[in-house]
Amino acid sequence: EALQYPLLTRVSVVIVDEAHERSLHTDVLLGLLKKVQKKRPDDFKVIIASATLDAEKFRDFFETNRNAVYPGEERPADGSGGGKAKKRKRSEVG
């Protein structure tokens, strides 16, 4: 999509889940989304979700004052890995 439409003109919202699990791929994606957000500040939204999100770092990266943090809900683990329930946070940037 980004190769054909560099400003993602056919997209108005992108959700990045598990943003704390960083890799080269997610870092490139976040850089691309930042570029698009700067060129389309009024009609392009980025929603970032993570169990251990540092919302301030993402807000600073996207250079925006707009930041909404929604506390997550606790759910029991599905049994595959055991352990405690995670509390999930979502942040809308831009």
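Here is a quick briefing on the nonpolar core, one pocket and an aromatic pair. Keep in mind that this is a predicted model. Leu 30 is a handy place to start: it ranks among the residues with the most contacts inside the largest nonpolar core, and it also helps line the second largest pocket.

**The core**

- The largest nonpolar core is made of 15 residues, and Val 16, Leu 30, Leu 33, Phe 44 and Ile 48 have the most contacts inside it.
- Four elements give two or more residues each to this core: β1 (13–16), α1 (24–39), β2 (45–50) and α2 (55–61).
- α1 provides the largest share of the core, with three residues.
- Leaving aside residues up to four places away in sequence, Leu 30 touches Val 16, Ile 48, Phe 58, Phe 61 and Phe 62.

**The second largest pocket**

- This pocket has a volume of about 210 Å³.
- Its lining includes Ala 19, His 20, Arg 22, Asp 27, Ser 50 and Lys 57, along with Phe 58 and Phe 61.
- Both α1 and α2 supply at least two lining residues, and the largest share, three residues, comes from α2.
- Sorted by class, the lining has five nonpolar, four charged and three polar residues.

**The aromatic pair**

- Searching the whole structure turns up one aromatic pair.
- That pair is Phe 61 and Phe 62, with ring centres 5.2 Å apart and planes at 90°, so it counts as edge-to-face.
- Phe 61 is partly exposed, at a relative accessible area of 33%, whereas Phe 62 is buried at 5% relative accessibility.
- Both of these rings belong to residues that Leu 30 touches, and Phe 61 is also one of the pocket-lining residues.

Technical notes. Residues numbered from 1 in each chain as written. Predicted model: local features only at pLDDT ≥ 70, side-chain atom pairs only at ≥ 80, totals over all residues. Heavy atoms only, no water. Core = buried A, V, L, I, M, F, W, Y, C linked by side-chain atoms within 4.5 Å. Buried < 20%, exposed > 50% of the residue type's maximum accessible area, 1.4 Å probe, protein only. Contact = heavy atoms within 4.5 Å. 1 Å grid on protein atoms, 1.4 Å probe; cavity = no way out; pocket = protein on both sides within 12 Å on 5 of 7 lines; lining within 4 Å. Points joined across faces, edges and corners; volume = space filled by probe spheres on them. Nonpolar A, V, L, I, M, F, W, Y, C, P; charged D, E, K, R; others polar. Phe/Tyr/Trp six-rings, centres within 6.5 Å; stacked < 30°, edge-to-face > 60°.
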